[in-house]
Amino acid sequence: MFKKSERQNSYLKLCLTGPSGSGKTYSALRLAKGLTNNGKIAVIDTENGSASLYSNKFSFDVCDIEPPYTIDKLVEAAKYVMNNDYDILLIDSGSHWWTGILEFKEKLDSRNPGGNHFTNWSEANKHYSLLLRIILQSKIHVVVCLRSKTDYILEKDNRGKSVPRKVGLAPITREGMDYEFSCVLDISLDHNAKASKDRTELFGDKIFQITEDTGIQLRDWLNESSGASEAHHEEPPIPEEIFFEHQE
């Protein structure tokens, strides 16, 4: 019934959070390049083609998706990735898919304005559960970028004058979603990252910039156990039954 645990054939599930302009997309591509040793990268881009701005620096395939961000669009793109031998999937941005789930819930509410809208979460939660299953159960590395809400704080400059500074707050997603991941790296507007969750124990309290070396560190961590370096694309495709059709 029980057996000795091993980190075998593991797939990284990592989250990058940060405000607009912090460099999430660029950081994700650098990390992916190191993690996969220049492997095959797929990007699901909801950020108006922002990933393609870096096509001169990185080799990757991109699926640009426009609103509305209905779950069936994510399912279709993810199924293609799982069945075409990619090494890693970048979802940029996961915040848009959460927004799409909220819009789906609002659509259900509008059909019965005076009804009990709380019960509509039962249907909307199916879409959220599917989002998590695509991220967490896919036999592939997955990196999800989440936008952070922004605010301003007052700080003293070198002349003692109070000046506003833009800072990132909580990521735009369902509360607690970021903690579904093995590692969460929060990126600030100066492009430095700090781990807010780190099962890898690689980063601790370090403040650092995400580079290809960050991906290499994570790849070495995954490969610590014997057999963990076995190519993941020898695994069978993700089972079709985890997907369901989008409910209008």
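The following exchange goes through some features of this predicted model and asks how each one earns its description.

Me: What makes the contact between Lys105 and Asp109 a salt bridge?

Reply: The side chains of Lys105 and Asp109 come to 2.9 Å, N to O, and because the term asks for a side-chain nitrogen of Lys or Arg within 4 Å of a carboxyl oxygen of Asp or Glu, the pair qualifies as a salt bridge. Both residues belong to helix H3, which covers residues 94-110, and they sit four residues apart, about one turn of the helix.

Me: Why are Lys105 and Asp109 each called buried?

Reply: Buried means under 20% relative accessible area, and Lys105, at 9%, therefore counts as buried. Asp109 has a relative accessibility of 12%, so Asp109 counts as buried under that cut-off.

Me: How do you know that Glu123 and Lys126 form a salt bridge, and where do they lie?

Reply: The closest N and O atoms of Glu123 and Lys126 are 3.5 Å apart, and because the limit is within 4 Å, the pair is a salt bridge. Both residues are in helix H4 (residues 121-137), where being three residues apart places them about one helical turn from each other.

Me: Are Glu123 and Lys126 buried, exposed or partly exposed, and why?

Reply: Partly exposed is the class in between under 20% and over 50%, so Glu123, with a relative accessibility of 23%, counts as partly exposed. Lys126 has a value of 42%, and therefore Lys126 also counts as partly exposed.

Me: What makes Lys194 and Asp205 a salt bridge, and which parts of the chain does the pair link?

Reply: The side chains of Lys194 and Asp205 meet at 3.8 Å, N to O, and because this value is within 4 Å, the contact is a salt bridge. The pair links distant parts of the chain, with Lys194 in strand E8 (residues 193-198) and Asp205 in the loop between E8 and helix H5 (212-222), eleven residues apart. In total, the structure holds five salt bridges.

Me: Why do Lys194 and Asp205 get the exposure classes they have?

Reply: Lys194 has a relative accessibility of 35%, so Lys194 falls in the partly exposed class. For Asp205 the relative accessible area is 68%, and because exposed means over 50%, Asp205 is called exposed.

Me: What is worth noting about the backbone at Asn38 and at His191?

Reply: Asn38 has a positive phi of about 65° although it is not a glycine, and His191 likewise has a positive phi, of about 70°, without being a glycine. Most residues other than glycine have a negative phi. Asn38 is found in the loop between helix H1 (24-35) and strand E2 (41-45), while His191 is found in the loop between strand E7 (183-187) and E8. With a relative accessibility of 56%, which is over 50%, Asn38 therefore counts as exposed, whereas His191, at 39%, is partly exposed.

Me: Which peptide bonds are cis, and what is omega for each?

Reply: One cis peptide bond joins Pro67 and Pro68, with omega about 5°, and another joins Asp92 and Ser93, with omega about 20°. Most peptide bonds are trans. Pro68 lies in the loop between strand E3 (61-64) and helix H2 (71-82), and Ser93 lies in the loop between strand E4 (88-92) and H3.

Me: Why is strand E2 said to be largely enclosed?

Reply: Five of the five residues of E2 are buried, so E2 is largely enclosed by the rest of the structure. Ile41, Val43 and Asp45 point one way from E2, Ala42 and Ile44 point the other way, and all are buried. In a regular strand the side chains alternate between the two faces of the sheet.

Me: How do you know that E2 pairs with E4 and with E3?

Reply: Strands pair if there are at least two bridges between them, and because five bridges join E2 to E4, running parallel, E2 and E4 meet that requirement. Four bridges join E2 to E3, also running parallel, and therefore E2 and E3 pair as well. Among the bridge partners, Val43 is matched with Leu90 in E4, and Ile44 is matched with Cys63 in E3.

Technical notes
Residues numbered from 1 in each chain as written. Predicted model: local features only at pLDDT ≥ 70, side-chain atom pairs only at ≥ 80, totals over all residues. Heavy atoms only, no water. Helix = DSSP H or I, 4+ residues; strand = E, 2+ residues; numbered from the N terminus. Buried < 20%, exposed > 50% of the residue type's maximum accessible area, 1.4 Å probe, protein only.
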